[in-house]
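Let's take a walk through this structure together. Have the sequence and the 3D view ready.

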Amino acid sequence: GVSRRGTRGNFVPPVRSNGSGAGNMTSRIAGKSDDVLDDSTKRCLEILCGPDGELPEKLRNLEPRLIEHVSNEIMDRDPNVRWNDIAGLEHAKKCVTEMVIWPLLRPDIFQGCRSPGRGLLLFGPPGTGKTMIGKAIAGEAKATFFYISASSLTSKWIGEGEKLVRALFGVASCRQPAVIFVDEIDSLLSQRKSDGEHESSRRLKTQFLIEMEGFDSGSEQILLIGATNRPQELDEAARRRLTKRLYIPLPSPEARAWIVRNLLDKDGLFKLSKEEIDTICNLTQGYSGSDMKNLVKDASMGPLREALRRGIEITKLRKEDMRPVILQDFEDALQEVRPSVSSNELGSYDEWNKQFGSLA
Ligand code: ADP
């Protein structure tokens, strides 16, 4: 065959004529001929092809660049979080295991009366481990994990959100079992702005609900997890589709201690006594998991700062020149890192949980 040049000037190998090459399938998408697809897009589409070398029905009318974006940016090939990385939240873990992980592992058992809900809502203050739980679910259930922030659909993908949502659910259905994690889901499914609501955001919301209905009824192995710190903003339609709603609260004192110990231990810096840890727990009431992480980060700078104060140059500093992290480092860090959630916010979560939460 004669070699050709694609429109972008890159080398495009000639298409084999026996029909087994991916060149044939790409030409069916959105009316594009292979010439206009670059190699990375082609590779990405090839992976999604069935054993017959054909692109699944659902993906054929979608724009290749959106499919590629979903595969490369939204799909997480290695979520890398396990249950053991998450402090506390024993109750949430137990519920999620039963409601979500078992059904994904054993779809044959979870049928009929046992058929699971396909929508899970995790709500509570920011930085409490909702995203971690989503990733852990995917990891424990050996599912493909898709992460998207709903606000990016309306801000970054103006006018294209609908198409991206279709691509997202399309790729997920080729990658089952799949977990789709939608962060800040309130910004997508909120009840506000119903009057002056922009036409495009209304269409986006409708498209999203349609996609959810689609896998709700079928035999698809897709779970949608929505996360929000503003559950009050969800409307009735959203609540109806997110059948399980779990409150993810601020960490308990034990969970806070665990986070401190775990992070310092990883770096071999943990030398605190039981009493010192207790003191830290007492001083960090109202801190979220992510506040605790920031606190540990700041405290762990203490030994470094002190060594530099003694006149050692940063370029000459050896690890042995630094003392372990001590209580005073935490007391200093507490001045810098303040809790990010206010106590009146917490009251509104409790209230919503009583009214709409599962297992309140
Ligand atoms: P969100 O609830 O806002 O989704 P994330 O799951 O993204 O919060 O948590 C942000 C970071 O805070 C995590 O990467 C982790 O380092 C820390 N963190 C929050 N909650 C926990 C927890 N329960 N156990 C351990 N680390 C936590």
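Here is a tour that goes from the whole chain to its core, one helix and the ligand.

Keep in mind that what you're looking at is a predicted model. The chain holds 15 helices and 8 strands. Of its 360 residues, 38% count as buried. Take the contacts between residues at least 6 apart in sequence: 78% of them join residues at least 24 apart.

Now for the inside. In soluble globular proteins, nonpolar side chains tend to be buried together. Here, the largest nonpolar core has 80 residues, and the members touching the most others are Phe 146, Leu 168, Val 179 and Ile 180. Helix H7 gives the most to this core, with 7 residues. Try picking out Val 179: beyond its neighbours within four places in sequence, its contacts include Phe 145, Phe 146, Leu 223 and Ile 225.

Let's stay with H7 for a moment. It runs over residues 161–174 and reaches 20 Å from first C-alpha to last, close to the 20 Å expected for its 14 residues. Because 12 of those 14 residues are buried, H7 is largely enclosed by the rest of the structure. Among the buried ones are Leu 164, Arg 166, Leu 168 and Phe 169.

Last stop: the ligand. Which residues are the closest to it? They are Gly 129, Lys 130, Thr 131, Gly 289 and Ser 290, out of 18 that surround the ligand. That shell is a mix of 9 nonpolar, 7 polar and 2 charged residues. Helices H5 (130–140), H10 (253–266) and H12 (289–299) each supply at least two residues of the shell.

Methods: Residues numbered from 1 in each chain as written. Predicted model: local features only at pLDDT ≥ 70, side-chain atom pairs only at ≥ 80, totals over all residues. Helix = DSSP H or I, 4+ residues; strand = E, 2+ residues; numbered from the N terminus. Expected span 1.5 Å × (residues − 1). Buried ≥ 20, exposed ≤ 12 C-beta atoms within 10 Å, placed from the backbone. Near = placed C-beta within 6 Å. Nonpolar A, V, L, I, M, F, W, Y, C, P; charged D, E, K, R; others polar. Contact = placed C-beta atoms within 7 Å. Core = buried A, V, L, I, M, F, W, Y, C linked by C-beta atoms within 7 Å.
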